[in-house]
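Me: Please take a close look at one part of this protein. I would like to follow the sheet, what packs against it, and the charged pairs around it.

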Amino acid sequence: YYVYIVQCKDGTLYTGYTNDLEQRLEKHNSGQGAKYTRGRGPVKLVYKRYFRSYSKALKSEWVIKKLSRKDKEKLIKEIK
């Protein structure tokens, strides 16, 4: 499972999780992804992290969603 952050064309960040990252990004960019990203595409992948278990990925997603934008940007820079 992957936890990921995408940057929308309006500059906002969206965090999600999936077991098929390529397919999920295609859905976001075709307007069939999360409600939040519809109309904000195309999106650009700026962060991803792999987890062996669904539960760990979900917990990580929840933690990241609670972060401030500034902290999310720090997280993104750490990975690059």
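Reply: Contact here means heavy atoms within 4.5 Å. The model is a predicted one.

Start with V3. Leaving aside its neighbours within four places in sequence, V3 is in contact with T15, G16 and Y17. It also touches Y47, K48, R49 and F51. A57, S60, E61 and I64 complete its list of contacts.

V3 belongs to the largest nonpolar core, which has 10 residues. I5, L13, V46, Y47 and F51 are also members. So are A57, I64, L75 and I76. Which elements give two or more residues to this core? They are β1 (2-7), β3 (44-50), α2 (54-66) and α3 (69-79). Another core lies apart from it, with eight residues. Y4, C8, Y14 and V43 are among them.

Now the sheet. It is open and has three strands, in the order β2-β1-β3. The pairing is antiparallel. Why do β2 (13-18) and β3 each have one side without a neighbour in the sheet? Both strands stand at the edges, each with a single partner strand, so one side of each is left free of a neighbour there. From one strand to the next, the twist averages 20°.

Look at the pairing of β1 with β2. These two strands run antiparallel and are joined over six bridges. Within this pair, I5 stands opposite T15 in β2. I5 is also one of the residues of the largest nonpolar core, and T15 is one of the contacts of V3.

Next, the helices on the sheet. Helix α1 (residues 21-30) packs on it and touches β1, β2 and β3. The direction of α1 makes about 30° with that of β1. Helix α2 also lies across β1, β2 and β3. α2 runs at about 170° to β2.

Then the charged pairs. How many salt bridges does the structure hold? There are three.

Take R40 and D10. Their side chains meet in a salt bridge, 3.0 Å from N to O. R40 lies in the loop between α1 and β3, and D10 in the loop between β1 and β2, so the pair ties together parts that are 30 residues apart in sequence. R40 has a relative accessible area of 26%, so it is partly exposed. D10 is partly exposed too, at 43% relative accessibility.

E61 brings us back to α2. It forms a salt bridge with K65, and their closest N and O atoms are 3.4 Å apart. Both residues lie in helix α2, four residues apart, about one turn of the helix. Is E61 buried or exposed? At 10% relative accessibility, E61 counts as buried, because buried means under 20%. K65 stands at 43%, so it counts as partly exposed. E61 is also among the residues in contact with V3.

The remaining pair sits in α3. R69 forms a salt bridge with E73, and the closest N and O atoms are 2.8 Å apart. R69 and E73 are four residues apart in that helix, about one turn. R69 counts as partly exposed at 40% relative accessibility. E73 is partly exposed as well, at 32%. Helix α3 is also one of the elements that give two or more residues to the largest nonpolar core.

Conventions. Residues numbered from 1 in each chain as written. Predicted model: local features only at pLDDT ≥ 70, side-chain atom pairs only at ≥ 80, totals over all residues. Heavy atoms only, no water. Core = buried A, V, L, I, M, F, W, Y, C linked by side-chain atoms within 4.5 Å. Buried < 20%, exposed > 50% of the residue type's maximum accessible area, 1.4 Å probe, protein only. Pairing = 2+ DSSP bridges. Axes fitted to C-alpha atoms, helices over the stretch in contact; angles between N-to-C directions. Salt bridge = Lys/Arg side-chain N within 4 Å of Asp/Glu carboxyl O.
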